[in-house]
Amino acid sequence: MALVGLGARRDAVGPALRRFLETFGMPFLTTPKAKGIIDESHPLFVGIISGMAGDNAILQILDECDLLLGVGFDPVECDKDWFAKRRFVNIDDTNLAGATCPAESGVIGDIAATLEALADRFIPTSRRSWTQRDARIRRERVMHAVQARSVPRLGLSPHAVLTRLQEVLPDDAIVACDVGSHKLLIGQIWRTHHPGTFLMSNGLSAMGFGLPAAIAARLEYSDRPVLCVTGDGGFLMVLHNLELMVRRKIPVVVAVFADRTLAAIKIAQDRRGLSSYGVDFGRPDYTAIAQAFGATGRRVEKLDEVGPVYREALASGMPTVLDIPIDPGEYWDQM
């Protein structure tokens with residue numbers, strides 16, 4: 001199975017990688033920062049690796065592989081050492097061999113040229129290989145692992161909200177994701193079809209990344225819709241950017257997943273048997289805050305409102321904050 005990493009973004013690797021994967025019939029996983037290098041609607045796509053929601057299902061799939069082939073794979077995105085415990089080789093333009101990335105062997109050089117050369121030399125064999133059906137079964141296994149297990153009571157299902165947003169955004173829209181529990185979910189379930197259309201801080205994982213990244217994306221690509229998905233904790237760190245958005249008339253739509261807690265840290269405390277400490281906070285009125293800056297603010301309390309309210313926000317041409325109360329309980333199951 002191929003593992004496509006952020007190193008594959010440095011060159012025009014996409015077409016050569018797609019030809020290589022299809023020639024060998026090789027299913028692939030991507031890291032979050034490599035999303036979109038290959039269209040995630042491709043029948044050989046399995047899922048997102050490196051600590052996103054459903055990670056246990058991903059690691060079980062790796063156990064079924066004879067060999068992992070990294071393509072621009074960089075362990076900076078990994079918070080576990082699974083790649084050090086399995087047969088692993090890497091194709092990259094940078095030598096990452098050593099303690100941090102103990103590949104058995106690899107090719108160092110132009111990634112696209114290497115993939116083209118390997119595809120040209122492909123010789124079919126009778127040995128068992130993956131099929132598209134095999135990839136689909138494993139992709140469905142990952143998606144099942146991140147499905148909500150209970151009815152949300154404290155707000156909307158974050159999984160359901162993201163699904164509704166994906167339904168109304170065009171494929172070439174740019175999504176900037178902040179850091180938090182929602183990041184682990186959107187990183188796995190958001191299907192990305194084009195390079196450079198999904199922005200995430202992974203590895204260092206800096207809270208507060210999402211909104212400035214969305215602003216920069218809109219300034220660079222003024223003809224494309226830009227959505228920022230952020231938790232309320234991350235939004236509170238950078239909400240002063242609303243003044244810039246209003247002053248410069250930057251029409252980014254900001255979906256604030258408000259659950260009044262730093263859920264990822266709270267889950268980590270719970271896993272370690274610790275009491276919850278320093279992770280809960282109040283519920284400001286994000287609609288009123290947006291309006292106070294001169295932006296549009298809308299509260300979304302019903303799932304059926306997500307699509308229509310987003311369309312209205314996009315059509316307005318105004319910076320808009322969508323205040324969406326969500327139930328954080330779903331994250332416990334997904335992680």
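Which residue is the bridge partner of L227 in β10? The bridge partner of L227 there is V253, and the paragraphs below describe the strands around this pair before turning to T30 and R139.

This is a predicted model, in which local features need pLDDT of at least 70 and side-chain atom pairs count only at pLDDT 80 or more, while totals for chains, interfaces and linings use all residues. Residues are numbered from 1 along each chain as its sequence is written, and side-chain values use heavy atoms, with hydrogens and water left out.

Strand β9 (strands being DSSP runs of E with at least two residues, numbered from the N terminus) is largely enclosed by the rest of the structure, because six of its six residues are buried, where buried means under 20% relative accessible area with a 1.4 Å probe and protein chains only. Both faces of β9 are covered, with V226, C228 and T230 buried on one side and L227, V229 and G231 buried on the other. Its pairings (two strands pair if DSSP finds at least two bridges between them) are set out here.

| Strand paired with β9 | Bridges | Direction | Residues opposite each other |
|---|---|---|---|
| β7 (residues 174–177) | four | parallel | A176 and C228 |
| β10 (residues 253–258) | five | parallel | V253 and L227 |

T30, in strand β2 (residues 28–30), counts as buried because its relative accessibility is 2%. Leaving aside neighbours within four places in sequence, T30 is in contact (heavy atoms within 4.5 Å) with V4, K35, E40, F45, G47, I48 and I49.

R139 touches H42, P43, F45 and V46, again not counting residues up to four places away in sequence.

Terms used: Buried means under 20% relative accessible area, exposed over 50%, partly exposed in between (1.4 Å probe, protein chains only).
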